[in-house]
Amino acid sequence: MIVTEGLTKSYGKFPAVRDVSMEVRSGEVFGLLGPNGSGKTTTIRMILGLLRPSSGSAAVAGFDCWRESLQVRRRVSYLPGEVRLPGAARGYQLLKYLNALRGGVGLDRAVALAERVMGLDLSKKVRTFSTGMKQKLALAQAFADPVDVLILDEPTSALDPSARNIVLGLVAEARKAGQTVIFSGHVLSEVEQVADRVAIMRRGRLMHVEDMHERRRNLRLLLLRFQGTPPESLPEELQLSVRERNGEVLFLEHRGAVGPLLSWLHSQPVADLAIGTEDLRTLYDRYHGPNAEADAEDRR
Ligand SMILES: Nc1ncnc2c1ncn2[C@@H]1O[C@H](COP(=O)(O)OP(=O)(O)OP(=O)(O)O)[C@@H](O)[C@H]1O
């Protein structure tokens with residue numbers, strides 16, 4: 001649905017986005033992660049046709065984002081990271097106006113989302129709304145747009161925990177309805193909860209794309225407490241590797257099938273166990289944590 005090839009944007013000599021090539025598949029939720037200033041918003045603005053790439057290209061549904069930006073905008077709804085709305089309008093008037101720009105088809109849904117799901121009073125002037133309320137109003141509009149692609153730039157940044165959950169639920173619904181979603185954010189657990197794949201950016205570069213389903217499927221973490229000393233060696237065919245050994249406790253990674261693992265566990269003097277998956281933090285920290293490898297550009 002979205003394809004970028006060598007997408008690059010420089011401000012003077014400063015490369016804000018460098019040579020980003022990625023594909024977002026139709027109907028998936030694509031998480032975009034990276035620290036402040038890593039180029040997420042600049043990438044998004046080029047996909048929206050709001051910024052002209054210095055080189056490379058971006059396309060949505062086969063339409064070039066710069067040269068055919070009208071076709072692109074017809075298919076895309078965008079929630080900016082910083083929501084700025086005209087304060088003099090009442091909530092309802094603003095939704096009506098924004099909907100009219102799209103032909104008016106989403107108004108009932110936008111009003112229902114704003115009033116019933118987000119709990120807003122649409123008879124009030126927008127200037128009386130708090131930051132979070134404004135974000136909710138913009139979200140109600142974005143989720144009501146009858147479009148193929150939703151681009152949400154930090155959609156939960158101003159929201160309280162309950163509203164955050166509502167938004168994550170709406171993202172899941174959008175995906176079920178076949179919409180393609182780009183979700184940029186800083187709260188790793190939220191991105192982890194909704195994204196099918198996650199891209200990690202660093203200093204304008206796309207460092208890594210991870211398939212979250214494969215990640216969950218392929219890697220299991222096991223914490224085992226043995227009655228007595230844990231075995232020195234582990235059966236090779238189980239694809240277990242030791243992360244840590246501490247007295248009676250073994251912390252293991254497992255990549256193989258579950259059946260043989262369960263049989264082996266049954267044969268062992270295991271006093272207690274916990275099984276989990278690795279969270280996104282570990283992957284993120286590989287590129288941005290205290291021990292992350294600096295690339296050549298960083299050292300300059
Ligand atoms: N108009 C501009 N002129 C000059 N530099 C810019 C401009 N817009 C963005 N930049 C720079 O480009 C880099 C990428 O910015 P961008 O807004 O894309 O980051 P981001 O990953 O979205 O950050 P955040 O998480 O804070 O929203 C930053 O170093 C920023 O200072």
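Before I turn to the sheets, one definition: two strands count as paired if DSSP finds at least two bridges between them. Please also keep in mind, as you look at the structure, that this is a predicted model.

Let me start with the sheet of 6 strands, which is open and has the order β6-β7-β8-β3-β9-β10, with mixed pairing. At its edges stand β6, residues 76-79, and β10, residues 205-211, and each of these pairs on one side only. If you follow the sheet across, the twist averages 15° from one strand to the next. It may help to recall that strands of a sheet pair through backbone hydrogen bonds, either parallel or antiparallel.

One pair in this sheet deserves a slower look, namely β7, residues 149-153, and β8, residues 180-184, which pair in the parallel sense over 5 bridges. Within that pair, leucine 152 stands opposite phenylalanine 183 in β8.

Which helices lie against this sheet? Helix α1, residues 40-47, lies across β3 (29-33), β7, β8 and β9 (197-202), and its direction runs at about 150° to that of β7. Helix α10, residues 280-288, also packs on the sheet, where it touches β3, β9 and β10, and its direction makes about 25° with that of β9.

Now I come to a pair of helices, α5, residues 131-144, and α6, residues 161-176, which pack at an angle of about 10° with their axes 12 Å apart. Angles under 35 degrees count as roughly parallel, and α5 and α6 are therefore roughly parallel to each other. Where they meet, α5 contributes Gly132, Lys136, Leu139 and Phe143, while α6 contributes Ala163, Val167, Leu170 and Ala174. Sorted by class, this contact of α5 with α6 has 6 nonpolar residues, 1 polar and 1 charged.

The next sheet is also open, and this one has 4 strands in the order β12-β13-β11-β14, with antiparallel pairing. Here β12 (240-246) and β14 (270-276) stand at the edges with a single partner strand each, so one side of each is left without a neighbour in the sheet. Leaving direction aside, neighbouring strands of this sheet are turned by 20° against each other on average.

Inside this sheet, strand β11, residues 220-226, and strand β13, residues 249-254, run antiparallel and are joined by 6 bridges. In this pair, leucine 223 stands opposite phenylalanine 251 in β13.

Let me move from strands to two single residues in loops. Glutamate 154 lies in the loop between β7 and α6, and its phi is near 45°, a positive value in a residue other than glycine. Is glutamate 154 buried or exposed? A residue is buried if 20 or more other C-beta atoms lie within 10 Å of its own, and exposed if 12 or fewer do; because glutamate 154 has 19 within 10 Å, it is partly exposed.

Arginine 203 is found in the loop between β9 and β10, and its phi, too, is near 45°, again a positive value in a residue other than glycine. With 18 other C-beta atoms within 10 Å, arginine 203 is partly exposed.

Finally, a word on the annotation, which comes from an unreviewed UniProt entry that lists residues 2-228 for "domain: ABC transporter". In this model, the end C-alpha atoms of residues 2-228 lie 55 Å apart, and the span is 35% helix and 30% strand.

Notes:
Residues are numbered from 1 along each chain as its sequence is written. This is a predicted model: local features need pLDDT of at least 70, side-chain atom pairs count only at pLDDT 80 or more; totals for chains, interfaces and linings use all residues. Axes are lines fitted to C-alpha atoms, for helices over the stretch in contact, and angles run from 0 to 180 degrees between N-to-C directions. Two residues are in contact if their C-beta atoms, placed from the backbone, lie within 7 Å. Angles under 35 degrees count as roughly parallel, over 145 as roughly antiparallel, 65 to 115 as roughly perpendicular and the rest as oblique. Ala, Val, Leu, Ile, Met, Phe, Trp, Tyr, Cys and Pro count as nonpolar, Asp, Glu, Lys and Arg as charged, and the others, Gly among them, as polar. UniProt positions are given in the numbering used here, feature names are shortened, and annotations may be inferred rather than shown by experiment.
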